[in-house]
Amino acid sequence: RWYREFFNDSAMLEAAWMSLRVGAVSATLATLLGTLAAVGLARGERFKGRALFSGMLYSPLVMPEVISGLSLLLLFVGLDTERGFWTVTIAHTTLTMCFVTVVVQSRLTSLDRSLEEAAMDLGCNPVKAFVLVTLPLIAPAIVAGWMLAFTLSLDDVVIASFTTGPGSATLPIRIYSEVRLGVKPEINAICTMVIALIAVVIVVASFASKLSNARGESAAPL
């Protein structure tokens with residue numbers, strides 16, 4: 001009954017769709033920007049301003065979310081930007097990009113650079129060597145970063161509450177507003193479906209990782 005109640009609740013469905021869209025777009029942007037930042041930090045040891053860049057990049061890791069949310073709100077107010085889907089997406093991208101950078105940078109740091117050098121010795125330019133050699137090797141870290149960014153976006157309440165606007169509430173904000181008036185069985189049904197969705201994603205990612213490892217082992221003798 002309460003599962004049917006959820007699918008008949010247009011406000012909850014709209015909030016869930018909003019959360020999925022924000023999570024997917026912000027995770028994709030965070031993964032792209034975080035991967036580029038990780039490459040710059042891992043391979044650009046000598047560029048000027050590296051310490052300042054890394055400090056600004058990693059500051060959301062240690063900064064309270066209330067401060068980050070308030071800062072972003074003041075930025076959007078100063079720019080006279082209407083708060084809605086894109087403001088929440090930008091805020092979540094800012095929050096999650098540093099997590100992607102940490103994951104990808106750790107993989108790049110442990111990677112054997114002689115593989116890229118061998119590819120360049122065989123005729124590849126640096127860009128082609130990165131695309132054909134390095135990118136497939138760090139792909140699991142990139143996927144893990146995307147999943148982490150998506151989960152953090154889906155879970156966020158504090159920053160979204162500062163940057164959202166009328167008609168653009170995410171599912172956590174909607175659930176929080178409903179719980180303040182009392183926990184309904186519909187909320188339990190929603191949480192059960194979210195847990196089931198996450199479990200399915202984890203199982204699929206685990207099988208994909210095992211399949212990738214099995215292919216790598218079978219191709220190793222060749």
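Reader: Leaving aside its neighbours within four places in sequence, which residues is Thr-87 in contact with?

Author: A list of contacts tells what a residue touches once its sequence neighbours are set aside. In this predicted model, Thr-87 touches Phe-76, Thr-81, Glu-82 and Thr-163, not counting residues within four places in sequence. Thr-87 itself belongs to helix H5, which covers residues 85–110.

Reader: Is Thr-87 buried or exposed?

Author: That is read from the relative accessible area, and under 20% counts as buried. Thr-87 has 2%, so it is buried.

Reader: What about the residues at the start of H5, Phe-85 and Trp-86? Is Phe-85 buried or exposed, and is Trp-86 buried or exposed?

Author: Phe-85 has a relative accessibility of 18% and therefore counts as buried. Trp-86 is at 54%, so it counts as exposed.

Reader: How many aromatic pairs are there?

Author: A pair of aromatic rings is described by the distance of the centres and the angle of the planes. The count here is three aromatic pairs. One of them joins Phe-6 and Phe-7: the ring centres are 5.1 Å apart and the planes stand at 65°, so this pair is edge-to-face. Phe-85 and Trp-86 also form an edge-to-face pair, because their planes stand at 80°, with the centres 5.0 Å apart.

Reader: Is Phe-6 buried or exposed?

Author: Phe-6 is buried, since its relative accessible area is 6%.

Reader: Which residues of the largest nonpolar core touch the most other members?

Author: In soluble globular proteins, nonpolar side chains tend to be buried together. Here the largest nonpolar core has 17 residues, and those touching the most other members are Ala-30, Leu-57, Val-100, Val-104, Leu-108, Ile-138 and Ala-149. Two or more residues come from each of helix H2 (10–43), H5 and helix H7 (126–155). H2 gives the most, with six residues.

Reader: What does Val-100 touch, not counting residues up to four places away in sequence?

Author: Val-100 touches Ala-30, Thr-31, Gly-34, Thr-35, Gly-145 and Ala-149. There is also a second, separate core of eight residues, with Phe-6, Met-12, Ile-175 and Ile-190 among them.

Reader: Where is Arg-174 found, and what is it in contact with beyond four places in sequence?

Author: Arg-174 is in helix H9, residues 171–179. Apart from neighbours within four places in sequence, Arg-174 is in contact with Ala-11, Met-12 and Ala-15. Its relative accessibility is 28%, so it counts as partly exposed.

Reader: How many residues apart in sequence are Arg-174 and Ser-106, and what is their distance in space?

Author: Separation in sequence and separation in space are two readings. Arg-174 and Ser-106 are 68 residues apart in sequence, and their C-alpha atoms are 36 Å apart.

Reader: How many helices and strands does the chain have?

Author: The chain has 10 helices and zero strands. Its C-alpha trace spans about 65 × 45 × 25 Å along the principal axes. Of its 222 residues, 34% are buried. Of contacts between residues at least 6 apart in sequence, 77% join residues at least 24 apart.

Reader: What part of the accessible surface belongs to carbon and sulfur atoms, and how many positive and negative side chains are there?

Author: The accessible surface is about 13300 Å², and 68% of that belongs to carbon and sulfur atoms. There are 16 positive and 16 negative side chains, and the centres of the two sets lie 3 Å apart.

Note on methods:
Residues are numbered from 1 along each chain as its sequence is written. This is a predicted model: local features need pLDDT of at least 70, side-chain atom pairs count only at pLDDT 80 or more; totals for chains, interfaces and linings use all residues. Side-chain values use heavy atoms; hydrogens and water are left out. Helices (H or I, at least four residues) and strands (E, at least two) are DSSP runs, numbered from the N terminus. Buried means under 20% relative accessible area, exposed over 50%, partly exposed in between (1.4 Å probe, protein chains only). Contact means heavy atoms within 4.5 Å. A nonpolar core is a set of buried Ala, Val, Leu, Ile, Met, Phe, Trp, Tyr and Cys residues joined through side-chain atoms within 4.5 Å. Accessible areas come from the Shrake-Rupley method with a 1.4 Å probe; for residues, only the protein chains shown count as cover. Lys and Arg count as positive and Asp and Glu as negative; His and the chain ends are not counted. The place of a charge is taken as NZ of Lys, CZ of Arg, CG of Asp or CD of Glu. Rings of Phe, Tyr and Trp (its six-membered ring) pair if their centres lie within 6.5 Å; planes under 30 degrees apart count as stacked, over 60 as edge-to-face and the rest as tilted.
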